[in-house]
Amino acid sequence: MHINLHKALLLLAAIATSMAINASTDEIKESYISPTRIVWMSDNSGEFIKGADNLLKLFCGQVAVADPVSTELRSTDNHTASILLDFGKEIHGGIEISSAIRDIQKQVKIHLCFGESVTEALSSVADGKNPYNATNEHSLRDFDAFMPWLGSVRFGNTGFRFVRIDLLDTDMTYTLRHIRAIARERDIPYLGSFECSDKRLNEIWQTGAYTVKLNMQEYLWDGIKRDRLVWAGDMNPEVMAINTVFGANEVVNKSLDFSVDDTPLPGWMNGMCPYSLWWLINQWQVYLYQGNKEYLEKNHEYIKGLVKQISKSIKPDGTEALYGGTRFLDWPTSENPEVIHSGLQGLTVLAMNAAAEIGKSLGDKELEELAKGDLKRLRKVKVDGYGNSQAISMKVLAGISQDEKKDVQKLLDNGVEAFSTFFGYYMLEAIAKGGKYEEGMEMISKYWGAMLDLGATTFWEELVYTDALKAGRIDEIVPEGKFDIHAHTGKYCYIGLRHSLCHGWSAGPTIWLTRHVLGIYPTEPGCKTLVVEPHLGNLEYAKGTFPTPYGVVTVSHTKNKDGKVISKIDSPKQITVILK
């Protein structure tokens, strides 16, 4: 067959270009992690499990005929050999199991159970009898599988830290060479950083950043075990954390675009009217931090149509009337329509303020004036916060509080007992707006620190603080008399072990500590102008980095003997820095 050489070369060039493009945008990296400890075994006598400690040794990944290192599992009709492994931290991905050589050339039936906690890894899938058990709805975490005579097989695609393996076959001894986790996350550097004289705050900052990074998969997910979905409202803390820690990343724009493609107007994103408002806020915050005008212009038509839709949902007197979708702030307030209305009034102000800024940036006078006109009406409406921290925080942040000092004090009085991992971020922002920075740091240490105290390596979908005070750790078998915080908490979609222990919306402290302790925030799109306004409170020092489109900004704040804060700032020449 005759082949046109010129056409063939063009075809090869096109394929190479395509491969290069795909390689540059696919930043997902896989790495192997060996178990760090054996949490539990069904047998400690050596009768049914031998050589278990070999699973903790490093493994090159290649099985061999003469390999002397292995673990033997033997099950009988009366005993199932089981072992529970800890990989040391929350991971997104799966595991690779390697079989060593054995006498009988036959496949082996096993059972695998993944868990974000020890309790979950020791449980079974919900069967209708126990509503607190986890499910296989969003990812498979509990299933039977088969292993070959000699070789390695991969299993799982979920969020986990612990894995239990059971030998189901009872007519053979299974020779297990190794089990290692396959961690799957974006291969991107932590451009932002934070360090201060309080080690607990440092760990909280880093844990929030890691939590968001794990949820930066092909799209920006809510959780890596459950809710592996794009939620336009839940994304807001994640978007802000990415701006703070990683800088511009394709996963943000890709996920914002997905929400548009999934929601032709006049629909509401995710079937929830406030989530379209959060999407609008996200658009502005991405532009403010990244300055990608081409991306903003791409969404111009949709933004304008959405703003007109929101405008029609505002009554002549300025009262929000968002209907046609679910009215929602967060789960703890979902059964209180008065609180939801109060919070949505504030959220609508924040959304239309974002719309006005976008209109100004795009030179769209019609859009800008429409949003400003609605803002005037919205701000005239007085809403009651009903003593609720979610509603109060929205009032304060929107600038519609009749007595900001009193409202901020109410947030402090309600304390962390009123926090949720999602809306806690906005409560902290409202507290900062009232100038209560030291109190904010104390609340972060208390509420998010409680998860660390219970063994968390990522932050959770929800936490009731009073439950944490009586709970056992998630990385241990919960002792008798201790509360099992994973198995016996939760409502709505996050009952019991269905509860996600790696949820991106919980990263608020990471954003807050950079914004208010390091004091870094942009006032001009693309971070062309940055304000540095540190608030150290009782801290002796704070230092860190902040990503911008022009490079990383480095700051260092230290108190001298007189208590005065001395700041050092190193920034790219394209950026104007205003030190306050």
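This passage describes the pockets, cavities, aromatic contacts and cysteines of a predicted model.

We may begin with the open spaces. The largest pocket encloses about 920 Å³. Its lining is made up of 31 residues, and those closest to the centre of the pocket are Q285, L288, L350, E429 and R515. Several elements give two or more residues each to this lining, namely the helices α4 (235-245), α6 (273-290), α9 (337-362), α11 (389-398), α13 (424-433) and α16 (508-518), together with the strand β11 (520-524). Among these contributors, α6 supplies the largest share, with six residues. In terms of chemical class, the lining of the largest pocket comprises 19 nonpolar, six polar and six charged residues.

The second largest pocket has a volume of about 340 Å³. Here 20 residues form the lining, and P332, E462, V464, K491 and Y494 are the closest to the centre. Twelve of the residues lining the second largest pocket are nonpolar, while four are polar and four are charged. Y494 also takes part in an aromatic cluster, to which the text returns below.

Closed spaces are present as well. The structure contains five cavities of 30 Å³ or more, and the largest cavity has a volume of about 50 Å³. Its walls are provided by A134, T135, E137, H138, S139, R141, K225, R226 and R498. By class, one residue in the lining of the largest cavity is nonpolar, three are polar and five are charged.

One helix that contributes to the largest pocket, α16, merits a closer look. Ten of its eleven residues are buried, so α16 is largely enclosed by the rest of the structure. The buried residues of α16 are G508, P509, T510, I511, W512, L513, T514, H516, V517 and L518. Directly after α16 comes G519, which has a positive phi near 80°.

Turning to the aromatic residues, the model holds 22 aromatic pairs. One of them joins Y425 and Y426: the ring centres are 4.9 Å apart and the planes meet at 50°, an angle that is neither under 30 degrees nor over 60, so the pair is tilted. Both partners are shielded from solvent by the 20% cut-off, because the relative accessibility of Y425 is 5% and the relative accessible area of Y426 is 4%. Elsewhere, ring pairs connect W231, Y275, F328, W331, Y492 and Y494 into a cluster.

Aromatic rings also meet charged side chains. K254 lies over the face of Y219, at 4.6 Å from the ring centre. In a second example, the charged end of R327 is placed over the ring of Y323, 4.6 Å from its centre.

Finally, the cysteines can be considered. A search of the whole structure returns zero disulfides. C493, for instance, is in no disulfide, and the nearest cysteine sulfur, which belongs to C502, is 15 Å away. A disulfide would require two cysteine sulfur atoms within 2.5 Å, so the 15 Å separation rules out a bond between C493 and C502 in this model. With a relative accessible area of 22%, C493 is partly exposed, whereas C196 is buried, with a relative accessible area of 2%.

Conventions
Residues are numbered from 1 along each chain as its sequence is written. This is a predicted model: local features need pLDDT of at least 70, side-chain atom pairs count only at pLDDT 80 or more; totals for chains, interfaces and linings use all residues. Side-chain values use heavy atoms; hydrogens and water are left out. Rings of Phe, Tyr and Trp (its six-membered ring) pair if their centres lie within 6.5 Å; planes under 30 degrees apart count as stacked, over 60 as edge-to-face and the rest as tilted. Buried means under 20% relative accessible area, exposed over 50%, partly exposed in between (1.4 Å probe, protein chains only). A charge sits over a ring if NZ of Lys or CZ of Arg is within 6 Å of the ring centre and within 35 degrees of the ring normal. On a 1 Å grid over the protein atoms alone, a cavity is a set of points where a 1.4 Å probe fits but cannot get out, and a pocket is an open set with protein on both sides within 12 Å along at least five of seven lines; lining residues have an atom within 4 Å of a point. Grid points are joined across faces, edges and corners, and a volume is the space filled by probe spheres set on the points. Helices (H or I, at least four residues) and strands (E, at least two) are DSSP runs, numbered from the N terminus. Ala, Val, Leu, Ile, Met, Phe, Trp, Tyr, Cys and Pro count as nonpolar, Asp, Glu, Lys and Arg as charged, and the others, Gly among them, as polar.
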